[in-house]
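Q: I would be grateful for a close look at a single part of this structure, together with the residues that surround it. Please define each term where it is introduced.

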Amino acid sequence: MRHRKIGRKLNRSAPHRKAMFRNMVTSLLAHEHIQTTDAKAKELRRFTERMVTLGKKGTLHARRQALSFVRDRDVVKKLFEDIAPRFADRPGGYTRITKLGVRRGDAAAVSLIELTERGDRAISEAEKKRERRRRSAEKKRKAEEAMPPV
């Protein structure tokens with residue numbers, strides 16, 4: 001039984017899993033959005049929320065804790081000076097996960113995980129992708145309508 005066992009194993013050893021999430025948190029904070037599988041995105045959310053909370057504290061101790069997990073000093077600087085102030089009055093929920101569909105190669109469920117309040121971008125990456133899909137489906141439908149009946 002898995003009572004009180006927190007986290008997904010994701011078919012990886014503990015050091016591999018830790019390294020993977022350190023890299024993913026670093027990328028998410030640097031780019032403010034990444035595309036990954038649903039399970040990884042849900043697990044990544046835990047670590048990212050913890051880093052943003054450390055950024056909101058703003059103390060030297062919090063900065064050192066963040067540096068012990070995030071792999072890039074520039075990303076930690078961005079976290080403390082740029083990202084954390086955006087979430088100053090928000091009590092939690094710093095990330096958004098949007099399901100995108102299935103990956104073409106192995107049919108894995110894919111999601112976009114992004115920071116909820118993203119810098120100067122008015123429209124989220126997921127909304128952009130949805131809009132592109134809607135336009136391509138519309139274009140395909142018009143092309144089918146324009147074809148002469150057989």
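A: The account below begins with helix α1 and then turns to its surroundings.

The model is a predicted one, in which local features need pLDDT of at least 70 and side-chain atom pairs count only at pLDDT 80 or more, whereas totals for chains, interfaces and linings use all residues. Residues are numbered from 1 along each chain as its sequence is written, and side-chain values use heavy atoms, with hydrogens and water left out.

Helix α1 comprises 18 residues, numbered 14-31. Helices (H or I, at least four residues) and strands (E, at least two) are DSSP runs numbered from the N terminus. From the first C-alpha to the last, α1 reaches 26 Å, close to the expected 26 Å; the expected span is 1.5 Å times one less than the number of residues.

Which residues of α1 are buried? They are R17, M20, F21, R22, M24, V25, T26, L28 and L29. Here buried means under 20% relative accessible area, exposed means over 50%, and partly exposed lies in between, for a 1.4 Å probe and protein chains only. The buried residues of α1 pack against three helices and three strands: α2 (38-57), α3 (60-69), α4 (73-86), β1 (33-37), β2 (95-102) and β3 (109-115).

V25 illustrates this packing. Apart from neighbours within four places in sequence, V25 is in contact (heavy atoms within 4.5 Å) with L44, F47, T48, M51, F69 and V70. V25 also belongs to the largest nonpolar core, which has 27 residues; V25, L29, L44, M51 and L79 touch the most other members. Such a core is a set of buried Ala, Val, Leu, Ile, Met, Phe, Trp, Tyr and Cys residues joined through side-chain atoms within 4.5 Å. The elements giving two or more residues to this core are α1, α2, α3, α4 and β3. In soluble globular proteins, nonpolar side chains tend to be buried together.

F21 of α1 takes part in an aromatic cluster, in which ring pairs link F21, F47 and F69. Rings of Phe, Tyr and Trp (its six-membered ring) pair if their centres lie within 6.5 Å; planes under 30 degrees apart count as stacked, over 60 as edge-to-face and the rest as tilted. The structure holds 3 aromatic pairs. The F87 and Y94 rings have centres 5.1 Å apart and planes at 65°, so this pair is edge-to-face. Both F87 and Y94 are buried. F47 also has a charged neighbour, since R46 lies over the face of its ring at 5.2 Å from the centre; a charge sits over a ring if NZ of Lys or CZ of Arg is within 6 Å of the ring centre and within 35 degrees of the ring normal. R63 has a corresponding position over the face of F80, at 4.5 Å from the ring centre.

At the end of the helix, α1 is followed by E32, which lies in the loop between α1 and β1. E32 has a positive phi of about 70° although it is not a glycine. Most residues other than glycine have a negative phi.

E32 counts as buried, at 4% relative accessibility, and its side chain meets that of R86 in a salt bridge (2.8 Å, N to O). A salt bridge is a side-chain nitrogen of Lys or Arg within 4 Å of a carboxyl oxygen of Asp or Glu. This pair links distant parts of the chain, as R86 is in helix α4 and lies 54 residues from E32. R86 is buried as well, with a relative accessible area of 17%. R86 also meets D82 in a salt bridge (3.2 Å, N to O). Because R86 and D82 are 4 residues apart in α4, about one helical turn separates them. D82 is partly exposed, at 36% relative accessibility. Salt bridges with shared partners join E32, K78, D82 and R86 into one network.

The structure holds 13 salt bridges. One of them joins the side chains of E43 and R8 (3.1 Å, N to O), linking helix α2 to the segment before α1 across 35 residues. E43 is buried at 3% relative accessible area, whereas R8 is partly exposed at 37%. R8 is also touched by K42, a residue of helix α2 that is partly exposed at 31% relative accessibility.
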